[in-house]
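Colleague: I have a new model open and want to learn to read it feature by feature. Can we go through it together?

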Amino acid sequence: MADYSTLIFERDDGIATITLNRPDRLNAFNRAMMEELVSVFDDTDADDAVRAVIVTGAGRAFCAGADLGEGGSTFDYDKRKGADDYKVGGVHRDGGGMVTLRIFNSLKPVICAVNGPAVGIGMTMQLPMDIRIASTDARFGFVFSRRGITPEAASSWFLPRIVGISTALEWCYSGRVFNAQEARDRGLVRSLHAPEELQSAAQAIAREIADNAAPVSVALTRQMMWRMLGTDHPMEAHRVDSRSIESRGRSADVREGVNAFLEKRQANFPDRVSKDMPDFFPWWDEPEFR
């Protein structure tokens, strides 16, 4: 288990909580946070005791976006120390995108509890998280056009799929900061909560998953749902559905799940993500699924 300088990582009874922890900088995103976020999702995937993940922020902000401590050169890769470490084919990789792609590949469900202001990468890192809830004190902003840059962290793929193209373009064109109620009204977040009730609400959602769902089924469902957003025809979903149902149908999990239902008791699913994923996973690497 890695040590983290920009995050607090806690695990308790099947639920992992990742807290962005630079409160003196409003949890502003820097290279260390980028690398640690990628690493911590490696940790949650590898730990079978983790059944769900919550992400939140320390202090009064969720994340104020990129750390602008370098002033006008903040986004100039030619002047950024260590930028060439993540250069591929002559192009510098976007650090926010490295985080969101890692979250996209997560095998555990991810719940975002937005406790305060979330702008720039503080907003876009939330998009591949599965369920977003927010404090009534939260504020949101895709502020890139007001900084002279463009949306990052693969948000041009995620955001229109979540809120629709018109809302996505309006928010990104204007770069304005909007309140939690607008975020809720337009489908960016699931629900709003009083600040003091936010964490308990996130825990309740995570608890429902951790206590009742088969981990391998959840891991498969997460990848099936997200990846089908980018396919051209429902036949692609049918192919994956068919293989998944066949594989799960002969698993120890399904025997336990059905018997628990018939016996009116809590299921105790034996299969584990670390060793019991079906042999067709990850299907997107197979030629017939490309």
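Colleague: Which side chain meets R102 in a salt bridge?

Modeller: First, a caution: this is a predicted model. The partner is D42, and the N to O distance is 2.7 Å. The pair links distant parts of the chain, with R102 in helix 2 and D42 in helix 1 (residues 31-46), 60 residues apart.

Colleague: Is R102 buried or exposed?

Modeller: Buried means under 20% relative accessible area. R102 has 13%, so R102 is buried. D42 has 40% relative accessibility and therefore counts as partly exposed.

Colleague: How many salt bridges does the count come to?

Modeller: The count comes to 19 salt bridges. One of them joins the side chains of D13 and R207, at 3.7 Å from N to O. That pair links distant parts of the chain, 194 residues apart. D13 lies in the loop between strand 1 (7-12) and strand 2 (15-20), while R207 lies in helix 7 (residues 198-212).

Colleague: How accessible are D13 and R207?

Modeller: D13 is exposed, with a relative accessible area of 59%. R207 is partly exposed, at 23%.

Colleague: Which residues are linked in a network of salt bridges?

Modeller: E170, R176, E182 and R186 are linked that way. Within the network, take E170 and R176: their closest N and O atoms are 2.9 Å apart. Both partners count as partly exposed, E170 at 30% relative accessibility and R176 at 23%.

Colleague: Now the strands. How do strands of a sheet pair?

Modeller: They pair through backbone hydrogen bonds, either parallel or antiparallel. Here you can see both kinds around strand 2. Strand 1 pairs with strand 2 in the antiparallel sense, over 6 bridges. Strand 2 and strand 3 run parallel and are joined by 6 bridges.

Colleague: What sits between strand 1 and strand 2?

Modeller: The two strands form a hairpin with 2 residues between them. D13 is in the turn and has a positive phi of about 50 degrees. This is the D13 that forms the salt bridge with R207. Beside the turn, D12 stands opposite I15 in strand 2.

Colleague: Which residue in strand 3 is the bridge partner of I15?

Modeller: That is A52. For A16, the bridge partner in strand 3 is V53. So I15 can be traced both ways, to D12 and to A52.

Colleague: Why call strand 2 largely enclosed?

Modeller: Because 6 of its 6 residues are buried. Check the two faces separately. I15, T17 and T19 are on one side, A16, I18 and L20 are on the other, and all are buried.

Colleague: How many residues of strand 3 are buried?

Modeller: In strand 3 (residues 52-57), 6 of 6 are buried. A52, I54 and T56 point one way. V53, V55 and G57 point the other way, and all of these are buried too.

Colleague: In what order do the strands of the open sheet run?

Modeller: That sheet has 3 strands in the order 7-9-10, with mixed pairing. Strand 7 (118-119) and strand 10 (177-179) are the edge strands, as each pairs on one side only. Strand 9 (residues 139-141) pairs with strand 10 in the antiparallel sense, over 3 bridges. As a landmark, use G141, whose bridge partner in strand 10 is V177.

Colleague: Where is T100, and which residues does T100 touch?

Modeller: T100 is in helix 2 (residues 95-104). With a relative accessible area of 0%, T100 is buried. Leaving out residues up to four places away in sequence, T100 touches T124, M125, P128, A153, A154 and F158.

Colleague: What does the side chain of T100 reach?

Modeller: The backbone oxygen of G97, at 3.3 Å.

Colleague: Last, the surface. Which residues make the nonpolar surface patch of about 410 Å²?

Modeller: V254, V258, F261 and L262 make that patch. Start from V254, which is in helix 10 (residues 252-262). V254 is partly exposed, with a relative accessible area of 33%. A residue needs over 30% to count towards a patch.

Terms used
Residues numbered from 1 in each chain as written. Predicted model: local features only at pLDDT ≥ 70, side-chain atom pairs only at ≥ 80, totals over all residues. Heavy atoms only, no water. Pairing = 2+ DSSP bridges. Helix = DSSP H or I, 4+ residues; strand = E, 2+ residues; numbered from the N terminus. Buried < 20%, exposed > 50% of the residue type's maximum accessible area, 1.4 Å probe, protein only. Polar contact = N/O pair within 3.5 Å; in protein donor to acceptor, adjacent residues only side chain to side chain. Contact = heavy atoms within 4.5 Å. Patch = residues over 30% accessible without salt bridge, like charges linked within 9 Å, V, L, I, M, F, W, Y side chains within 5 Å. Areas by Shrake-Rupley, 256 points an atom, 1.4 Å probe, with all protein chains shown as cover. Salt bridge = Lys/Arg side-chain N within 4 Å of Asp/Glu carboxyl O.
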